[in-house]
Each structure stands twice: as structure tokens, then as C-alpha cells.
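Here are my notes on the model you sent round. They are set out as numbered points, starting with the ligand site.

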Amino acid sequence: MLNSRQQQEIRACCDAVSFDVSMAAYSTFKAGGQAAALAEVQNLDQLSALLEYCRREVIPWRVIGRGSNILVMDTGFNGVLFRLGGDFRTVQLEDESETTVISAGGGCLLADLLGWCRRHGLGGLEFLAGIPGGVGGTVRMNAGAFGHSIGEFLQVVSIIGADGVVRKKTATALSLDYRSCMVEGYGPSQAIILSVTLQLQEADGEQIAEIMRNYMLERKKNQPLSSPSAGSFFKNPEGDYAGRLIEAAGLKGARVGGAMVSPVHANFIVNDGGQGTAADILELMHKVQEKVRKQTGIFLEPEVHIF
Ligand SMILES: Cc1cc2nc3c(=O)[nH]c(=O)nc-3n(C[C@H](O)[C@H](O)[C@H](O)COP(=O)(O)OP(=O)(O)OC[C@H]3O[C@@H](n4cnc5c(N)ncnc54)[C@H](O)[C@@H]3O)c2cc1C
């Protein structure tokens with residue numbers, strides 16, 4: 001909980017701020033506790049001021065995107081969550097003379113980025129169609145599908161850390177792994193991605209649209225898209241699929257409260273009816289991990305970031 005002086009001072013840094021906010025409204029799981037503050041940051045000045053304030057007052061902070069791969073525990077997050085909007089939502093050519101390199105803000109929705117690429121005849125990212133994230137979260141997660149991930153296209157990442165200094169890091173300074181991207185010299189949650197430059201390729205807009213439509217159809221066929229979830233809950237272990245192991249353990253349809261292992265896709269934990277709590281989801285997660293470990297010796301690591 002922030003006291004009223006802190007709330008006022010935070011509001012002075014960024015007026016689009018809410019206090020004691022239920023994170024169920026900001027996560028695709030539609031579950032989770034409260035954040036002491038959620039700041040919809042519009043520009044770098046606001047973000048720098050907030051970071052400085054949090055540093056001075058020793059208030060924990062984290063950045064979130066569209067909340068499609070997070071679960072905030074029911075006990076909540078006792079600090080400030082930043083969400084990048086305004087200036088951080090732009091997409092443009094990095095340089096007018098280089099027609100296939102673009103710059104996208106960390107707060108830009110993937111759907112907006114993909115629409116921009118289609119309109120400008122730039123292909124490569126179509127495999128991301130249907131992933132409900134923002135650019136910063138997608139890069140942090142090194143999100144991907146159908147054999148590709150966003151890391152393949154990254155050239156430069158512009159970040160700001162707790163010290164308030166903006167730095168540009170080339171792809172060589174990033175540790176890009178399966179569903180993870182870390183910046184050299186920064187802790188896992190300490191580099192806020194402000195923008196990225198991506199190397200794409202010229203392509204026909206109609207063809208781009210067609211490829212995206214096909215990927216979306218694949219998703220509709222195989223994923224429980226009408227129930228709240230965070231997509232695949234667990235990372236695939238080396239050489240196997242989490243969904244296959246969970247299904248083989250007889251866990252399709254297993255429930256704890258409102259949380260259920262989807263009968264459509266066993267690696268999706270869904271918040272059935274939207275009434276489940278984060279505790280339900282976490283208990284089901286443990287149940288799945290335990291049973292799969294007992295049967296196969298494999299520990300399923302969550303892909304979802306829990307905080
Ligand atoms: C129906 C559904 C389908 C999905 N399908 C896929 C899929 O096919 N492939 C896949 O990889 N994922 C998939 N996901 C998961 C999720 O959509 C992606 O991981 C997405 O890219 C996360 O983006 P986000 O903006 O929602 O990030 P969030 O969930 O908000 O955040 C995820 C992590 O990134 C960090 N973060 C967010 N913004 C920033 C930033 N600006 N700078 C630094 N760190 C940041 C957060 O602190 C958190 O640790 C799916 C999810 C759903 C609900």
C-alpha cells in the first residue's frame with residue numbers, strides 16, 4: 001500500500017495512474033490481486049520521473065505489457081506497475097533510406113505492428129498474428145510460434161533501467177533463448193524495453209494478410225480462445241511438448257476451483273467462467289508439475305511470469 005503522500009507524488013510524475021487496481025482487468029487470465037499503483041506512462045519524461053521516484057522512496061516497480069503472459073498473485077503487487085502508451089506506441093521506418101528496418105515502440109500492440117507491416121509491404125512477422133501482446137512483452141518473452149520467434153528479427157533494443165539511463169543494445173548484447181530475452185548487465189525484470197528495431201523483408205501486402213489469416217485459423221482450431229488464459233502455461237521441455245506430457249498424465253479437464261487444464265489444448269490452463277483466482281491457477285500448476293514429474297521425471301517450467 002502506498003500512503004497518500006506517495007500517491008500524490010506519483011500522480012505528479014504521471015497523471016494517468018490508478019491505485020489499488022485489480023490486475024484481473026489487466027491480464028488475459030482475468031485473475032490476480034491488486035497492484036498498489038498502475039501508471040499508464042505516456043512518454044520518457046514520465047517514465048524517468050517515476051523511476052527516480054521509486055528509487056528515492058525504495059518502491060518496487062515492474063513493467064507490464066498487455067498482460068497476456070503474467071499472473072499477479074492474489075496477495076497483489078505492492079509497488080508501481082508501468083504500462084507504456086502514448087509515445088511508446090509508434091511504428092516507423094528507422095531511417096528513410098533503409099526501407100526494411102523499422103522501429104516499434106515497446107507499448108505498441110502486436111496487432112498494430114502487424115497491420116502497419118502489412119500496409120507497408122514488410123513481411124517476416126506474420127507468425128505473430130493472434131498473439132495478444134505488446135512489443136515490449138513480446139521481445140522480453142522472445143515470443144514465437146510456428147517455428148519462428150521475434151528474436152530472429154531484432155537488431156537493436158532501446159532500454160531504460162532503474163538508474164534512469166537510456167541505453168541502446170545490439171542483438172549481440174542480448175541473451176535470446178526459448179521464451180526469454182535478457183539484456184546483458186540487467187536483472188530479468190530490470191530492463192524496460194522502450195523500443196526495438198527490426199529487420200524485415202519486402203513482401204506483398206495481400207500475401208502477408210493471407211499468411212496471417214492462415215496462422216489465425218490454425219490457432220482457432222487448436223486453442224481454447226474463448227476462455228481466459230495466458231496461452232501456453234508451461235515451456236516445452238527439450239525434445240518434447242508440455243501439452244503432450246500433460247495429456248499423457250491424464251490431466252486434460254483437471255480442475256482446482258475455477259482453473260482448469262483445457263480439454264482443447266492441455267498446455268493451456270484456463271480460468272473457466274472467469275471466476276478463478278490466482279491461487280486456483282497456481283495450485284493447478286503445482287498439481288500438473290507434480291503429476292508430470294512423477295510419471296516422466298520431467299519438471300515443467302512455467303512460461304507465464306508470476307509476480
Ligand atoms: C490466447 C493466447 C495465445 C498466446 N500464444 C502465444 C504464442 O503463440 N507464442 C508465444 O510466445 N506466446 C503466446 N502467448 C503469450 C503472450 O501473448 C506473449 O508472451 C506476449 O508476447 C506477451 O506480451 P505482453 O505484452 O502481454 O506481455 P506481459 O504478459 O504483460 O508481460 C510478460 C513479461 O514481459 C515483461 N514486459 C512487458 N512489457 C515489457 C517491456 N516494455 N519491457 C521489458 N519487459 C516487459 C513483463 O514484466 C513480464 O515479465 C499467448 C497468450 C494468449 C493469451
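1. A polar contact is taken here as a pair of N or O atoms within 3.5 Å. The model is predicted, and the points below should be read with that in mind. On this criterion G144 makes a contact with the ligand: a polar backbone atom of G144 is 2.6 Å from a nitrogen atom of the ligand. Two other glycines reach the ligand through backbone N or O atoms. For G67 the partner is an oxygen atom of the ligand, at 2.9 Å, and for G137 it is a nitrogen atom of the ligand, at 3.3 Å. On its own the ligand has 960 Å² of accessible area, and the protein covers 94% of that.

2. The shell around the ligand holds 34 residues, and those that come nearest are V63, S68, N69, G144 and H305. Sorted by class, the shell has 14 nonpolar residues, 14 polar ones and 6 charged ones.

3. Which elements each supply at least two residues of this shell? They are the strands β3 (61–64), β9 (144–145), β15 (192–199) and β17 (229–232), together with the helix α4 (135–140). The most comes from α4, which gives 4 residues.

4. F146 deserves a check of its backbone. Most residues other than glycine have a negative phi. F146 is not a glycine, yet its phi is positive, at about 50°. The residue sits in the loop that joins β9 to β10 (148–149). Is F146 buried, partly exposed or exposed? The cut-offs are under 20% relative accessible area for buried and over 50% for exposed. F146 has 37%, so it is partly exposed.

5. R179 is a second residue to check. It has a positive phi of about 55° and is likewise not a glycine. Its place is the loop between β13 (174–177) and β14 (180–183). R179 has a relative accessibility of 15% and therefore counts as buried, the limit being 20%.

6. A search of the whole structure for cavities of 30 Å³ or more finds 1. The largest cavity contains about 50 Å³ of space. Its lining consists of R140, C181, M182, V183, G187, P188, A191 and I193. By class the lining residues are 6 nonpolar, 1 polar and 1 charged. Strand β14 gives the most to this lining, with 3 residues.

7. The second largest pocket has about 150 Å³ of space. It is lined by 14 residues, and L110, A111, L114, A129 and G130 are those that lie nearest its centre. Both α3 (110–119) and α5 (205–222) supply at least two residues of the lining. The largest share is that of α3, with 5 residues. The lining divides into 10 nonpolar, 3 polar and 1 charged.

8. A last point concerns V80, in strand β5 (residues 77–84). How much relative accessibility does V80 have? The value is 0%, so V80 counts as buried. V80 and L51 are 29 residues apart in sequence, and their C-alpha atoms are 9.6 Å apart in space.

Note on methods
Residues are numbered from 1 along each chain as its sequence is written. This is a predicted model: local features need pLDDT of at least 70, side-chain atom pairs count only at pLDDT 80 or more; totals for chains, interfaces and linings use all residues. Side-chain values use heavy atoms; hydrogens and water are left out. A residue is near a molecule or strand if one of its heavy atoms lies within 4 Å of it. A polar contact is a pair of N or O atoms within 3.5 Å; within protein, one must be able to donate a hydrogen and the other to accept it, and residues adjacent in sequence count only if both atoms are side-chain atoms. Accessible areas come from the Shrake-Rupley method with a 1.4 Å probe; for residues, only the protein chains shown count as cover. Ala, Val, Leu, Ile, Met, Phe, Trp, Tyr, Cys and Pro count as nonpolar, Asp, Glu, Lys and Arg as charged, and the others, Gly among them, as polar. Buried means under 20% relative accessible area, exposed over 50%, partly exposed in between (1.4 Å probe, protein chains only). On a 1 Å grid over the protein atoms alone, a cavity is a set of points where a 1.4 Å probe fits but cannot get out, and a pocket is an open set with protein on both sides within 12 Å along at least five of seven lines; lining residues have an atom within 4 Å of a point. Grid points are joined across faces, edges and corners, and a volume is the space filled by probe spheres set on the points.
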